[in-house]
Amino acid sequence: MQLNTMNNENHTTFHDHEFALIGDFFKNLERQGPCCPKQTLKALGFCGELPENARIADIGCGTGGQTINLAWNTDGHITAIDLMPAFTENLRQKIAGTKLHRRITVLDGSMDDLPFAANSLDLIWSEGAISHMGFEEGLRYWRQFLKPSGYVAVTEATWFTPSRPAEIAEFWKENYPGIDTIPAKVAAMERAGYFPVAHFAMPEYCWQNYYRPMEDIFEPFLLKHDYNGPSQDLVDNIKREVSLYQTYKEFYGYTFYIGRKA
Ligand SMILES: C[S@@+](CC[C@H](N)C(=O)[O-])C[C@H]1O[C@@H](n2cnc3c(N)ncnc32)[C@H](O)[C@@H]1O
């Protein structure tokens, strides 16, 4: 789920029917953002030696692709939170009756109003979601929930070049003006109270992993919604986003940022 469909700086600005439609489209995907299990594990490798029974939060978990990957590759307990009930329900169903059921708690909630005690988490994870609060603002707010020296790992939209063509600059200005270069994001992480530990750009195939499965669900989704205006708009917006990515991918992408609470 990319930013033109989900850039809710204030999630109350969504109308119920738009919210439901977005949920109905994206819940059918394994992931709601650019992704790759390998990159998740690479980022996890920078998060130090997690203690036994580590407490982990996955914020903006979507349908939980990375949550499940994290659970298989860590000990301890993960609390996965998302605003979209269609996604949390999907994740609950996926883990019901599996071993992971006891190690993952799925909550409906907002990233700007988290239910954790201060200094209680070893690791905060968030793929493709912190933009909904803003990178620096989210990092600053989440910091209080981390134990001293706890880790944060997030992906964030990032410019790869100092300048870029007007069409793609305009697209991001409309959808997520917070996109910036790696040095700017690293500086923001420091200002928010973290030691930057590592960052790396997610390879192009992570975007293809995300976009490719959509091709199979456009038609069934439109059919289900009788090709009505809102469903057609949603599909058109997504197709435009995909096409812009194919044209301009050398200029932007997601970068993983890993930091340690200072
Ligand atoms: C790009 S998707 C990423 C989902 C998942 N982490 C992944 O990588 O597949 C962004 C997610 O953030 C969630 N989200 C948006 N605003 C939120 C908020 N205020 N609180 C919690 N989750 C939110 C969306 O519902 C969506 O699942």
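Trainee: How do the residues of the shell around the ligand divide by type?
Mentor: Eight are nonpolar, 11 are polar and three are charged. Keep in mind that this is a predicted model.

Trainee: Which of the 22 residues around the ligand come nearest?
Mentor: Arg31, Gly60, Asp82, Met111 and Glu127.

Trainee: Take Arg31. What does its polar side-chain atom lie 2.8 Å from?
Mentor: An oxygen atom of the ligand.

Trainee: And which residues sit by a nitrogen atom of the ligand?
Mentor: Ser110 has a polar side-chain atom 3.0 Å from a ligand nitrogen. Leu83 uses its backbone: an N or O atom there lies 3.4 Å from a nitrogen of the ligand.

Trainee: How much of the ligand's accessible area does the protein cover?
Mentor: 99% of the 600 Å² that the ligand has on its own.

Trainee: New topic, the core. How many residues are in the largest nonpolar one?
Mentor: It has 85 residues. Phe25, Trp142 and Tyr252 have the most contacts inside that core. In soluble globular proteins, nonpolar side chains tend to be buried together.

Trainee: What does Tyr252 touch?
Mentor: Leaving out residues up to four places away in sequence, Tyr252 touches Thr158, Trp159, Phe160, Ile168, Trp172, Ile179, Trp207, Leu244 and Tyr245.

Trainee: Now cysteines. How many disulfides does the structure hold?
Mentor: Zero.

Trainee: Why is there no bond for Cys35?
Mentor: Because the closest cysteine sulfur, in Cys206, is 6.7 Å from the sulfur of Cys35, too far for a bond. The cut-off for a disulfide is 2.5 Å.

Trainee: Is Cys35 buried or exposed?
Mentor: Cys35 is buried, at 5% relative accessible area.

Trainee: And where is the nearest cysteine sulfur to Cys47?
Mentor: In Cys36, 16 Å away, and Cys47 is in no disulfide. Cys47 counts as buried too, with 1% relative accessibility.

How values were computed
Residues are numbered from 1 along each chain as its sequence is written. This is a predicted model: local features need pLDDT of at least 70, side-chain atom pairs count only at pLDDT 80 or more; totals for chains, interfaces and linings use all residues. Side-chain values use heavy atoms; hydrogens and water are left out. A nonpolar core is a set of buried Ala, Val, Leu, Ile, Met, Phe, Trp, Tyr and Cys residues joined through side-chain atoms within 4.5 Å. Buried means under 20% relative accessible area, exposed over 50%, partly exposed in between (1.4 Å probe, protein chains only). Contact means heavy atoms within 4.5 Å. A residue is near a molecule or strand if one of its heavy atoms lies within 4 Å of it. A polar contact is a pair of N or O atoms within 3.5 Å; within protein, one must be able to donate a hydrogen and the other to accept it, and residues adjacent in sequence count only if both atoms are side-chain atoms. Accessible areas come from the Shrake-Rupley method with a 1.4 Å probe; for residues, only the protein chains shown count as cover. Ala, Val, Leu, Ile, Met, Phe, Trp, Tyr, Cys and Pro count as nonpolar, Asp, Glu, Lys and Arg as charged, and the others, Gly among them, as polar.
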